[in-house]
Amino acid sequence: MTILLSTLNARFAHASLGLRYLIANMGDLQGDTRLQEFVIGAKTTEVVERILAYQPRIVGLGVYIWNVEESTRVVAMLKRVAPEIVIVLGGPEVSHETQEQHIAQLADYVVTGWGEATFPQLCRQILNGPKPLMKIHAGVQLPMSEIKLPYALYDDKDIAHRNLYVEASRGCPFKCEFCLSSLDKTSWPFDLDAFLAELEALHARGARLFKFVDRTFNLNIKSSLRIMQFFLDKLAQHPDDPVYAHFEVVPDHLPDALKEAIRKFPPGTLQLEIGIQTFNPEVQAIISRKQNDEKSAANIRWLCEQSHAHLHVDLIAGLPGEDIDSFARGFDRLVAIKPHEIQFGILKRLRGTPVIRHTEAYKLVFDPHPPYTILSTDRIGFTDMQRLVRFARYWDMIANSGRFANTLPFVLGDAPFERFMALSDWLYARTDATHRIALDRLAALVGQWLQERGHDAAQVASLLGSDYAGQANMQHIKVKSNKERSDVANPRQTRHIAA
Ligand code: SF4
């Protein structure tokens, strides 16, 4: 065995699409290439031991924001115990600001950007000579028709137990400055017939859970419709064994034809991830995000009211030009629309993203360590930013989890941000923790907080009781067949359906 491709995934359920693309495009080296995935949190010695067991000559490591620190330790240890192994890095984290990164200094080579052409070419040079002179190799972007699709490389265990990531297109034409995809300038579609044939093959092998990593699924509506029709056909043909699809969409571009298709998906079969990020037009202008807020709000409302799609809507706190009050207004506006989940993210400075150009003007201070979270801006001080971080965490536990569906409206009242922030501050003062709070204890605390705000004890007990009853009921509400898999993939969605 000559080449080992490896990475540390954020979770076991996440199968690396990027490494499978590399294998699919290794050409004559494919037979000599193996894949070994790990999950973050694994002991470095164990990772290194397992890598060495393959006796590779080359190790290709996928480096991402979530694994860069652990990957650095792996590379450092590999270089100590087996310095003869050639280490090649790739992935978004090392594709920008490469030279200043410790992991890049430890490794032999780095491929930045797209790896399908450049990684195998580099391996050939390493194996056959002449020795590559440059350390950093800018990935050559192949025409989409020349990229071999990797889906046959999902094995039966992946199909049975993991999320299957698929992409009908790469890149994004929009320019939101906090996002790495803003560097793409455009979107490149794969041949749709070939892609659908791969989906067909995966479905025939038993795959039911498809997560699209397309940055904006609804750019080309004709293609979106064909893909949705693929899933609708499968749902019609196999109603007792349904597929589940997850797409990321921009909210201000939902023509009627797309809405009609979305409306046809039964409960538990479609999830839409929708980026709002901010409802503040001044902030949108600062970060070059083009968004029609009215249309976006109306479309999200339509989706909530007229479709069964599970909606996961993203907001980002800490953007340049945003203060707590303007963020709160956007948050309240979104809460009023009632999507199933509001993903409350805190701005991160992803390597290579243009948002950095605002550092001076808006006094942006980022954590120098991954994930490079914003610590303060000229409008939100460090302490308040930490309050927002805790808000996000408690919001996830209480609102997004779906475990307090009946109680939540009483928590939020008519001032959702203000009241939830008050609850968040109160919870933190009592628990000193944002993790590992048992559900029973959390429920008791939420109940106590409501009572302290004048809610009747019996009413609070009844609300919390009904939420627990909801949990019990949830056990019976399955997303049809593939029960375990669907429930594992969508426990929150199942709770939201049950609520
Ligand atoms: S945030 Fe979304 S729309 Fe904006 S550049 Fe990134 S992927 Fe594109």
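The shell of residues around the ligand divides into five nonpolar, four polar and one charged. The model described here is predicted. Its chain is divided into three parts: domain 1 (3-144), domain 2 (154-373) and domain 3 (381-499).

**Ligand surroundings**

- The residues that surround the ligand include Cys 172, Cys 176 and Cys 179.
- Phe 174, Ser 181, Ser 182, Arg 215, Thr 216, Val 250 and Gly 275 are also among the residues around the ligand.

**Annotated span**

- According to the UniProt annotation, from an unreviewed entry, residues 158-392 are covered by "domain: Radical SAM core".
- Helix makes up 37% of the span 158-392, and strand makes up 20%.
- The C-alpha atoms at the two ends of this span lie 31 Å apart.

**Nonpolar cores**

- The largest nonpolar core has 79 residues.
- Phe 178, Leu 272 and Leu 315 are the residues with the most contacts inside this core.
- Helix H13 (residues 382-400) supplies six residues, the largest share of the core.
- Because domain 2 (154-373) and domain 3 (381-499) both give residues to this core, it lies between them.
- Leaving aside neighbours within four places in sequence, Phe 178 is in contact with Ile 287, Ile 316 and Leu 319. Under that same condition, Phe 178 is also in contact with Leu 347, Thr 353 and Val 355.
- Another core, of 36 residues, lies apart from the core of 79 residues. Among the residues of this other core are Val 48, Ile 51, Tyr 64 and Val 110.

**Domain 1 and domain 2**

- The centres of domain 1 and domain 2, taken over C-alpha atoms, are separated by 28 Å.
- The contact between these domains takes 13 residues from domain 1 and 17 residues from domain 2.
- On the side of domain 1 that touches domain 2, seven residues are nonpolar, three are polar and three are charged.

**Trp 302**

- Trp 302 lies in helix H11, which spans residues 293-306.
- Is Trp 302 buried or partly exposed? Trp 302 has 16 other C-beta atoms within 10 Å, so Trp 302 is partly exposed. A buried residue would have 20 or more such atoms, and an exposed one 12 or fewer.
- In sequence, Trp 302 and Arg 215 are 87 residues apart. In space, Trp 302 and Arg 215 are 22 Å apart, C-alpha to C-alpha. Arg 215 is one of the residues that surround the ligand.

Note on methods
Residues numbered from 1 in each chain as written. Predicted model: local features only at pLDDT ≥ 70, side-chain atom pairs only at ≥ 80, totals over all residues. UniProt positions renumbered as here; feature names shortened; annotations may be inferred. Helix = DSSP H or I, 4+ residues; strand = E, 2+ residues; numbered from the N terminus. Near = placed C-beta within 6 Å. Nonpolar A, V, L, I, M, F, W, Y, C, P; charged D, E, K, R; others polar. Core = buried A, V, L, I, M, F, W, Y, C linked by C-beta atoms within 7 Å. Domains from an automatic or database assignment. Contact = placed C-beta atoms within 7 Å.
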